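These are my notebook entries on a set of helix packings and backbone details. I set down each item in the order in which I looked it up.

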Amino acid sequence: MSRTDYVLANALLPDGSKGNIAIGEGRIADIGDVANGEARRIDLGGALVLPGFTDGHMHLDKTLIGRKWLPYQAGPTRWSRIETEKTTEKRLNLPVEERAATLIEICVAFGTSHMRTHIDVDTDIRLTRLESMLRARERYRDRVDIQIVAFPQSGVVSRPGTLDVLDEAIRAGADLVGGMDPLVVDHDAVGQLDGIFDVAERHGVGIDIHLHEPGEAGIHSIERICERAESHGMQGKVTVSHGFSLAMVSERKSDETAERMARAGVSLVTHGAGGFYLPPILRLRAAGVEVFAGNDDIRDTWSPYGSGDMLERAMLIGWRADFRRDEDLMAVFDMVTAAAARVRGDSPWGLAPGAPADLCVVDAQCVPEAVVAHPPRKLVLKNGRIVARDGAYLKAIEDPAG
Ligand SMILES: [Zn+2]
């Protein structure tokens, strides 16, 4: 049996059982009828212990949270938002590392233990934002695990030289290659997809593509992504972000596409926000597609909304999808926790012996109630150490193991 440094006693577990959780060397040593022995004991008073959350789609380089309120200024189109962002960025000239830091601390206090953030790269800004983000990741490495996607928001084929920038970004420390609406932005789906898959395969990394393309065009892009995931041997390493088209075609077409995605090991991440089509979450899951969730834009030039709280995001997605039954609320909870861990390939993970002790404690009777109420976080642990308490981020990490 592994060493026990301390025990979280009197815990309510996600499966409804009560027990203790022994923590040793930053990991869960044992769960259930665990004796305290000589180890230090933290009494949770029957509070619910959840695994740490994953924010599977963010833009840490864009957020303006914690700064002067900036009214939304863009028009209704995506191009207007891209242009507005560029002019606003030039005018504000805010350091990316500090913007990311503010939001990371907020998310950690909400119990987020893992993030996947897209960071803009292009032939003008090159790796400047990525380098700032790499510094922020290093600064918070003890508090949260961050995957970085090099994100060519302005296009790939339509901006010659972008593939070289993506290549440099991966060499500099980005974890995944991004993409953006290959048909609509580049008018060359084959060119963009071949290009980004080549970069990813060369470096042995995954891909996460923003896909807002509507209807049949979007489905066509998803099919091409699935083909390449298979031909490049990248099953399980490719994610489609948004995939609104899955909700814009017939149920039959959508189901066929879901089966295609499952076969190719292509996952979907959704933020479920209003104003967009919501992919059929339960049908995708039933087909075997891993569906996880993210906040996407949080208080930036793209959106005035978002808090950073993944439990609240789970509630919003569930509400939007009209999930009422406990089993459906459990599905949306899976999207902010286990599904993302499966996509990362983390094992063991969660409330399991051997898993990193990334935990979050709330006052709730069960997981479905935690989703709908998204109550304050009493305690947040990262690798067995306390990083937030009573909703507040701790500047100095506390180690109950002493
Ligand atoms: Zn995004």
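**Entry 1: α6 and α7**

I began with the relation between α6 and α7, which are roughly parallel to each other because their axes cross at roughly 20°, and an angle under 35 degrees counts as such. The model I am reading is a predicted one. I noted that the axes of α6 and α7 come within 9 Å, and that helix α7 covers residues 251-264. I recorded the crossing of α6 and α7 as left-handed.

I then listed the residues that meet. On the α6 side they are I219, I222, E223, C226, A229 and E230; on the α7 side they are K253, T257, R260, M261 and A264. Sorted by class, the contact of α6 with α7 has 6 nonpolar, 1 polar and 4 charged residues.

**Entry 2: α9 and α10**

I turned to helix α9 (residues 310-320) and helix α10 (residues 326-335), whose axes come within 9 Å and cross at roughly 135°. I therefore entered α9 and α10 as oblique to each other. The crossing in which α9 passes α10 is right-handed. From α9, the contact takes in A314, I317 and G318; from α10, it takes in D328, L329, V332, F333 and M335. By class, I wrote down 6 nonpolar, 1 polar and 1 charged residues for the contact of α9 with α10.

**Entry 3: α5 and its surroundings**

I checked the length of helix α5, which has 15 residues (189-203). At 1.5 Å a residue, α5 should span 21 Å, and its end C-alpha atoms are 21 Å apart, so the expected span and the model agree.

Which residues of α5 are buried? I found A189, Q192, L193, G195, I196, F197, V199 and A200. These buried residues pack against two helices and two strands, namely α4 (162-172), α6 (215-231), β9 (176-180) and β10 (206-211). Just after α5, I noted that G204 takes a positive phi of about 65°.

**Entry 4: I104**

I located I104 in helix α2, residues 96-109. I104 is buried, because 25 other C-beta atoms lie within 10 Å and the cut-off is 20 or more. Leaving aside residues up to four places away in sequence, I104 touches L60, A136, Y140 and V144. For one of these, Y140, I also looked up the C-alpha separation from I104: it is 7.9 Å, although I104 and Y140 are 36 residues apart along the chain.

**Entry 5: backbone exceptions**

I next searched for unusual backbone geometry, since most residues other than glycine have a negative phi, and most peptide bonds are trans.

R126 has a phi near 50°, a positive value in a residue other than glycine. I placed R126 in the loop between β7 (112-120) and α3 (128-139). R126 counts as partly exposed because it has 15 C-beta neighbours inside 10 Å.

D390 likewise has a positive phi, near 50°, and is not a glycine. D390 lies in the loop between β16 (385-389) and β17 (392-398). With 10 other C-beta atoms within 10 Å, D390 is therefore exposed.

Where is P348 found? I found P348 in the loop between α11 (338-344) and β14 (359-362). The peptide bond from S347 to P348 is cis, and I recorded its omega as near -5°.

Note on methods. Residues are numbered from 1 along each chain as its sequence is written. This is a predicted model: local features need pLDDT of at least 70, side-chain atom pairs count only at pLDDT 80 or more; totals for chains, interfaces and linings use all residues. Helices (H or I, at least four residues) and strands (E, at least two) are DSSP runs, numbered from the N terminus. The expected span of a helix is 1.5 Å times one less than its number of residues. A residue is buried if 20 or more other C-beta atoms lie within 10 Å of its own, exposed if 12 or fewer, and partly exposed in between; C-beta atoms are placed from the backbone. Two residues are in contact if their C-beta atoms, placed from the backbone, lie within 7 Å. Axes are lines fitted to C-alpha atoms, for helices over the stretch in contact, and angles run from 0 to 180 degrees between N-to-C directions. Angles under 35 degrees count as roughly parallel, over 145 as roughly antiparallel, 65 to 115 as roughly perpendicular and the rest as oblique. A crossing is left-handed if the near helix is turned anticlockwise from the far one by less than a right angle, and right-handed if clockwise. Ala, Val, Leu, Ile, Met, Phe, Trp, Tyr, Cys and Pro count as nonpolar, Asp, Glu, Lys and Arg as charged, and the others, Gly among them, as polar.
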